[in-house]
Amino acid sequence: EPVDLDPDTDLDGNGTVDDPYNVTNASELQAMAGNLTAHYQLTGTINATNTSKWDGGDGFDPVGNVTHEFNGSFDGNGFEIENLTINRTSDDVGLFGYTDDKDGADETEIRDLRLSNADVTGGNAVGSVVGNSSDVKFTNVTIAGGRVEGSDSVGGLIGILDSFGTNTDMTDTHVDLDSVIGTTNVGGVVGSTVEDGQRTNIQDSTANATVEGHDNVGGFVGR
């Protein structure tokens, strides 16, 4: 099981843009759920193999949900998270369950991260990095190996990508997965895109995955 940590007292750093909390292991990664408005960074590669045994086999608990969204930032600094396991039946499942750029502050971003050999299973809105994302920037994010499985809105990187308050930018993101499996709105990178008056900008990004589903299935975006 993860060590129970409080990011505000147990992690190095101050959680600000200029001095993010340092994340050095899987337990500290899980601790991000304790402060959903803070800024975090990896300081080295994290081996998350033991997450497969956490919570009776349910694995890592996604950071943020529909009532308490993650609206800080996460900088991988080019490091890797290896062998992350999430095995849930709930919706909004990924390393981050639900992310939202709070009040249009344009600070919520996930960048310079590599996720390798992740095994992620959930209900609806499932992605390896984010299950459900609203107005969040993704820059230089790579998914290498692993699988993602769910029902509706399943993507190799993001389950649902919503542009509600501001434009959403996805730049230099690359997905190379063994499989992405769902029923409806299934894509190699994004399951579903929602543009509520704003634009979703995707640039310099690629997908290489076996994508399986019944309705609205795409190599890059399902719907």
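The legends below describe close-up views of a predicted model.

**View 1. The largest nonpolar core.** This core holds 48 residues. Leu-29, Phe-74 and Ile-81 are the residues with the most contacts inside it. Two or more residues each come from β1 (21–23), α2 (26–30), β2 (39–42), β8 (109–121), β11 (137–149), β13 (158–163) and β15 (174–181). The largest share, 5 residues, is given by β8. In soluble globular proteins, nonpolar side chains tend to be buried together.

**View 2. The surroundings of Phe-74.** Phe-74 is one of the residues with the most contacts inside the largest nonpolar core. Residues up to four places away in sequence are not counted in this view. Beyond them, Phe-74 touches Leu-29, Met-32, Tyr-40, Leu-42, Ile-81 and Phe-96. Phe-74 also touches Glu-109, Ile-110, Arg-111 and Leu-113. Leu-29 and Ile-81, both touched by Phe-74, are likewise named among the residues with the most contacts inside the core.

**View 3. Parallel pairing of β12, β16 and β20.** Strand β16 (residues 184–187) runs parallel to strand β12 (residues 152–155), and 3 bridges join the two. Strand β20 (residues 215–218) also pairs with β16 in the parallel sense, over 3 bridges. Gly-187 of β16 is the bridge partner of Gly-155. In β20, Gly-187 has Gly-218 as its bridge partner.

**View 4. Ser-192 in strand β17.** Ser-192 belongs to strand β17, which spans residues 190–195. Ser-192 has a relative accessible area of 1% and is therefore buried, the cut-off for buried being under 20%. The side chains of Ser-192 and Ser-153 are joined by a polar contact of 2.8 Å. Apart from neighbours within four places in sequence, Ser-192 is in contact with Ser-153, Gly-159, Ile-160, Leu-161, Asn-185 and Arg-223. Of these contacts, Ser-153 falls within the residue range of β12, and Asn-185 within that of β16.

**View 5. Asp-119 in strand β8.** Asp-119 is part of strand β8, the element that gives the largest share of the nonpolar core in View 1. Asp-119 counts as partly exposed because its relative accessibility is 29%, and partly exposed lies between the 20% and 50% cut-offs. Along the sequence, Asp-119 and Gly-146 are 27 residues apart, while their C-alpha atoms are 5.5 Å apart in space. With residues up to four places away in sequence left out, Asp-119 touches Leu-84, Thr-85, Ile-86 and Arg-147.

Definitions and conventions: Residues numbered from 1 in each chain as written. Predicted model: local features only at pLDDT ≥ 70, side-chain atom pairs only at ≥ 80, totals over all residues. Heavy atoms only, no water. Core = buried A, V, L, I, M, F, W, Y, C linked by side-chain atoms within 4.5 Å. Buried < 20%, exposed > 50% of the residue type's maximum accessible area, 1.4 Å probe, protein only. Helix = DSSP H or I, 4+ residues; strand = E, 2+ residues; numbered from the N terminus. Contact = heavy atoms within 4.5 Å. Pairing = 2+ DSSP bridges. Polar contact = N/O pair within 3.5 Å; in protein donor to acceptor, adjacent residues only side chain to side chain.
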